[in-house]
Amino acid sequence: MFNFDETYSRRNTSSLKWDLMEKIYSIPDASKIIPMWVADMDFAAPETITNALKARMDFPLFGYTFEDEACASSVTSWLARRNDWHVPTESVLYHQGVVPAISTIVEAFTNEGDTVLVNAPIYPPFFNVPKKLNRQVAYAPLHEENGVYTFDFESFEEQAKKDDVKLFIFCHPHNPSGTVWSEDVLKRIDTICAENGVIVLSDEIHSDLILNGTQHIPFAKASSHADNVITCVAPTKTFNIAGIQAAMMIVTDAKKRQIIRKTMESHSQMGLNTFALTAVQAAFSEESEAWLHALIDYLNENVRYVIDTITQELPKINVKHPDATYLLWLDMRQTGMTEKEMMQKLLDAGVALDPGTKYGAPFDGFLRMNIACTRETLKEAVKRFIQALS
Ligand SMILES: Cc1ncc(COP(=O)(O)O)c(C=O)c1O
C-alpha cells in the first residue's frame, strides 16, 4: 500500500541532507557519497499530506493565516489518540521548529549567565542554543553499559540542586541513543526538577517513531507538576516534512504561555505559515496513521538489516536496536580508530555519518547512522561502511 522502496533522486533539490555535504564535511565533491547523517528520511511524505497541500494550492490566495481551533484540535486529538494524553486546545502554542522553540523557551525562562542542564550524549542544539544565548550549560551524563543507556540520577540531582540551574532540556525519546524512558524514570526526573525549581522542557519530537512497540508516555502526563513542564512535539520527523517547518509547544500553565507569547512577540515570531498550517492538520489526522505503521515496519527491517550485517562483519562494533528513532548509535571504541580516522575512511568509501563528538566532547569513538532510506540505498551504504572499516 505504501512504497518505501521508491528511490527519489534528491541531489540538486536544495536538500540539506544531500546537497550540503561538501560544506558540512569540508570536501570538494560529495556527488557520490550516500548521506546517513542529519535526521531526514529519503521517503516521500504520505499522500494525506501531499493531497492536502495540493488542495490548498488550488485556492490561490496566500494572505496571512492563523492557527485556528481546527488546527489546535488536530494536535490535541493526535496526542489523545496516540498517547492517551488529554490537553486543552488552549495549551497549544506554535513555532516554526522545535529548535527555534527551544531558543524561545531558553530566552523566556532563563537569564544570561543562568545554567541550562542537559544529558550527555545529546542532540547538539540542546547545548549549542543555550550557549549562543549566553547561558551556561551543565551536563548530566547518562550511564552506559553494553550499549544500554540509563539515567544517572546521582549526577543529575547533583546538577539540578545548583542554584543557577533553571531549565532542564530533556530528550524523550533520546537522540542519539534511541532510548524510550520509562514512567519511573520520568517521575524521578519530575520530582528532582520540581523540588529544585528547575523547569522541564521535554522534547518529544521522536515520540511517534517508537520501534519496539512500547507506549510513549508524555513527560507531562507522568508528571505530578505538569505546570512545570513545557512539551515540544511536531509532525516533521514523523512524516518527513521538516522543510515545511512546524512545531508545537504544549504548555498547560497559563502564566508560562503568556511568558512564551511575550518572548515570541519580541522577535515578531508568527508561528505556522500557511502551508505548515495545512500540513500539520493533514499529518495529525487518523488517515496518516496507516502510513506511520507501515513506516515503522520498514524502519525496523532496516535496523535489523544494518545491525545483523555490520555486527557479523565487524564484531568489534557495539550497536543496539534503538527503542525509537531511525538513528543508530554505534560504539566504535573497540576498533581502536580515532573519530578522524573513521570519518575519513568512511567518506573515502562514499558514506557520510555523524561523528560522535557532535553529541558531546567525550564521545570520540562513536558514530551516529541514519538508516531512513530505501533498502537498496541502505545495502549499498552498508557495503561501503564495511569496506571502509574492515
Ligand atoms: C531531539 C530533536 N529535537 C529537534 C529536532 C529538530 O527539530 P526542528 O526541525 O523542528 O527544529 C531534531 C532533529 O533531528 C531532534 O532530533
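Good morning. I begin with a definition: helices, of at least four residues, and strands, of at least two, are DSSP runs that are numbered from the N terminus. Labels such as H3 or E7 will be used in that sense. The model before you is predicted. I shall speak about the ligand, the pocket, a cavity and some features of the backbone.

Let us start with the ligand. Which residues surround the ligand? They are Ala39, Gly97, Val98, Val99, Pro100, Tyr123, Cys171, Asn175, Asp203, Ile205, His206 and Lys237. By class, this shell is made up of 7 nonpolar, 3 polar and 2 charged residues. Helix H5, which spans residues 98-109, gives the largest share of the shell, namely 3 residues.

I turn to individual atoms. Two residues may be described through oxygen atoms of the ligand. For Val99, a backbone N or O atom is found 3.0 Å from an oxygen atom of the ligand. For Asn175, a polar atom of the side chain is 2.8 Å from an oxygen atom of the ligand. With Asp203, the ligand takes part through a nitrogen atom, which lies 2.6 Å from an N or O atom of the Asp203 side chain. On its own, the ligand has 390 Å² of accessible area, and the protein covers 88% of that area.

Where does the ligand sit? The space that the ligand takes is the largest pocket. How much space lies in the largest pocket? The value is about 1,200 Å³. The lining of this pocket comprises 49 residues, and those closest to the pocket centre are Val38, Ala39, Lys237, Ala242 and Gly243. Ala39 and Lys237 were also named among the residues around the ligand.

Four elements give two or more residues each to this lining: helix H1 (16-19), helix H3 (47-57), H5 and helix H6 (125-132). H3 gives the largest share of the lining, with 4 residues. Whereas H3 leads in the pocket lining, H5 leads in the shell around the ligand. Sorted by class, the pocket lining has 27 nonpolar, 13 polar and 9 charged residues.

The next topic is enclosed space. The structure has 1 cavity of 30 Å³ or more. The largest cavity holds about 50 Å³ of space. Which residues line the largest cavity? Its lining consists of Trp78, Leu79, Glu204, Ile205, Ser207, Asp208, Val233, Ala234 and Phe284. Of these residues, 6 are nonpolar, 1 is polar and 2 are charged. One residue of this lining, Ile205, is also listed around the ligand.

I close with the backbone. Which peptide bonds may be noted as cis? One joins His172 and Pro173, with omega at about 0 degrees. Another runs from Asn175 to Pro176, with omega near 25 degrees. Pro173 lies in the loop between strand E7 (165-171) and helix H8 (183-195), and Pro176 is likewise placed in the loop between E7 and H8. Asn175 thus appears twice in this account: its peptide bond to Pro176 is cis, and its side chain has a polar atom 2.8 Å from a ligand oxygen.

Finally, Asn134 is not a glycine, yet its phi is positive, at about 60 degrees. Asn134 is in the loop between H6 and strand E4 (136-141). Thank you for your attention.

Definitions and conventions: Residues numbered from 1 in each chain as written. Predicted model: local features only at pLDDT ≥ 70, side-chain atom pairs only at ≥ 80, totals over all residues. Heavy atoms only, no water. Near = heavy atom within 4 Å. Polar contact = N/O pair within 3.5 Å; in protein donor to acceptor, adjacent residues only side chain to side chain. Areas by Shrake-Rupley, 256 points an atom, 1.4 Å probe, with all protein chains shown as cover. 1 Å grid on protein atoms, 1.4 Å probe; cavity = no way out; pocket = protein on both sides within 12 Å on 5 of 7 lines; lining within 4 Å. Sits in = over half its atoms within 2 Å of the grid points. Nonpolar A, V, L, I, M, F, W, Y, C, P; charged D, E, K, R; others polar. Points joined across faces, edges and corners; volume = space filled by probe spheres on them.
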